[in-house]
Amino acid sequence: MAYENIRVETRGRVALVTLHRPAQLNALCNALIAELNAALDGFDRDEGIGCIVITGSDKAFAAGADIAEMRERTHPEFYMADPFGEWDRVGRRRKPIIAAVAGYALGGGCELAMMCDFILAADTAKFGQPEIKLGVIPGAGGTQRLTRAVGKAKAMELCLTGRMMDAAEAERAGLVARVVPAADLLDEAWKTAETIAAMSLPVVMVAKECVDRAFETTLDEGVRFERRVFYGLFATADQKEGMAAFLEKRKPRFEHR
Ligand code: HXC
């Protein structure tokens, strides 16, 4: 499928989606989100894909939702079209998604990065929820996911002032998994995604589901959920292969089943 606002590439079991609206710093218009979801739908269906990376440009992962597209919206239009419902679908994927962020990740851009399973940041990355300066608030989960990631004090400060934080501050605060030199960002993202894609896909998927559960349930229920999933993995061929390979001192050959 030909896309206008994204570029798509696959290498082995990894898929890379590059947001591509350079003149607008990858501002996330509805067409871009639709294309992103179409690409993710395809990767979800493709048994040959085990991990997905979403990235932007050196200057901007994404500078937010498209302000020009939004500005004249009315309440009933917004409510009826519910465009952010479509954004939500990005955050509900079952395969792992890494956000590789360089430059600005602002507003909806920060929210999109936070919908991914983790963020690898270039040392040039800047994160923020500047919507308050436009007379609105984050609308695609920013007040919720940022607060869970960095705690109330910093989330509140960022949402109320619109201040940006740099990559080092974001790493200290727990928003990003790792910061790397900008020149190495894509290589690191490919490598990390390849490592994940080499694992058993169903096991990766349930590991993701279990970590996500931590935000949705009590500790007791979460631990019980994890334990049930753990026992269930003994129905997979890959558990047998992984443990046999360890004991036979060889690399496992996972068959993703
Ligand atoms: C539409 C945008 C845009 C955006 C940048 N552009 N961000 N267009 N929507 N979010 C456009 C500019 O209008 C400009 O177009 C071109 O991209 C380059 O931007 P400049 O501002 O000239 O670049 P620079 O001076 O380097 O400043 C970079 C920047 C600034 C700090 C990132 O662009 C900025 O503050 N952008 C807006 C950030 C923001 O408020 N994001 C939140 C959006 S609301 P022209 O045609 O002039 O060259 C939001 C709500 C989410 O995300 C709700 C849930 C989805």
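## Exercises on spaces, a ligand and a few odd residues

The largest cavity holds about 80 Å³ of space. Before we start: this is a predicted model, in which local features need pLDDT of at least 70 and side-chain atom pairs count only at pLDDT 80 or more, while totals for chains, interfaces and linings use all residues. Residues are numbered from 1 along each chain as its sequence is written, and side-chain values use heavy atoms, with hydrogens and water left out.

**Exercise 1. Describe the lining of the largest cavity.**

Step 1: get the rule straight. On a 1 Å grid over the protein atoms alone, a cavity is a set of points where a 1.4 Å probe fits but cannot get out, whereas a pocket is an open set with protein on both sides within 12 Å along at least five of seven lines; lining residues have an atom within 4 Å of a point. Grid points are joined across faces, edges and corners, and a volume is the space filled by probe spheres set on the points.

Step 2: count. That rule gives one cavity of 30 Å³ or more.

Step 3: go round the wall. You'll find Leu28, Asn30, Ala65, Asp66, Glu69, Met70, Arg73, Phe78, Pro83 and Phe84 there. Helices α2 and α4 each put in at least two lining residues (helices are DSSP runs of H or I, at least four residues, and strands are runs of E, at least two, numbered from the N terminus).

Step 4: sort by class. The lining splits into six nonpolar, one polar and three charged residues. Here Ala, Val, Leu, Ile, Met, Phe, Trp, Tyr, Cys and Pro count as nonpolar, Asp, Glu, Lys and Arg as charged, and the others, Gly among them, as polar.

**Exercise 2. Work out what surrounds the ligand.**

Step 1: find the shell. It has 23 residues (a heavy atom within 4 Å of the ligand), and Lys59, Ala63, Ala65, Ile67 and Gly108 are the closest.

Step 2: place the shell on the fold. At least two residues each come from α2 (67-70), α4 (83-90), β6 (104-106) and α5 (108-115).

Step 3: sort the shell. There are 14 nonpolar, five polar and four charged residues in it.

Step 4: look for polar contacts (pairs of N or O atoms within 3.5 Å). The side chain of Lys59 has an N or O atom 2.6 Å from a ligand oxygen. Two backbones join in: an N or O atom of Gly108 sits 2.8 Å from an oxygen of the ligand, and one of Ala23 is 3.4 Å from a ligand oxygen.

Step 5: check the cover. On its own the ligand has 1000 Å² of accessible area (Shrake-Rupley method, 1.4 Å probe), and the protein covers 63% of that.

**Exercise 3. Describe the largest pocket and the second largest pocket.**

Step 1: take the largest pocket, with a volume of about 1200 Å³. It is lined by 35 residues, and Met115, Asp117, Arg145, Asp212 and Phe215 are the closest to its centre.

Step 2: which element gives the most to this lining? That's α10, with 10 residues. The elements that supply at least two each include α5, β7 (118-122), α6 (142-150) and α10 (201-213). By class, the lining has 19 nonpolar, four polar and 12 charged residues.

Step 3: move to the second largest pocket, with about 510 Å³ of space. Of its 21 lining residues, Met70, Glu131, Leu134, Val136 and Ile137 lie nearest the centre. Two or more residues each come from α2, α4 and α5.

Step 4: sort this second lining. It divides into 14 nonpolar, four polar and three charged residues.

**Exercise 4. Where do Lys249 and His256 lie, and are they buried or exposed?**

Step 1: recall the background. Most residues other than glycine have a negative phi.

Step 2: check the angles. Lys249 is not a glycine, yet has a positive phi of about 55°; His256, also not a glycine, has a positive phi of about 60°.

Step 3: place them. Lys249 lies in the segment after α12, and so does His256.

Step 4: use the accessibility classes (buried under 20% relative accessible area, exposed over 50%, partly exposed in between). Lys249 counts as exposed because its relative accessibility is 78%. His256 comes to 26%, so it counts as partly exposed.

**Exercise 5. Place Leu219 and Leu247, and explain why each counts as exposed.**

Step 1: Leu219 is in helix α11 (residues 219-232), and Leu247 is in helix α12 (residues 237-247).

Step 2: Leu219 is exposed because its relative accessible area is 72%. Leu247 counts as exposed because it has 65% relative accessibility.

Note on methods
A polar contact is a pair of N or O atoms within 3.5 Å; within protein, one must be able to donate a hydrogen and the other to accept it, and residues adjacent in sequence count only if both atoms are side-chain atoms. Buried means under 20% relative accessible area, exposed over 50%, partly exposed in between (1.4 Å probe, protein chains only).
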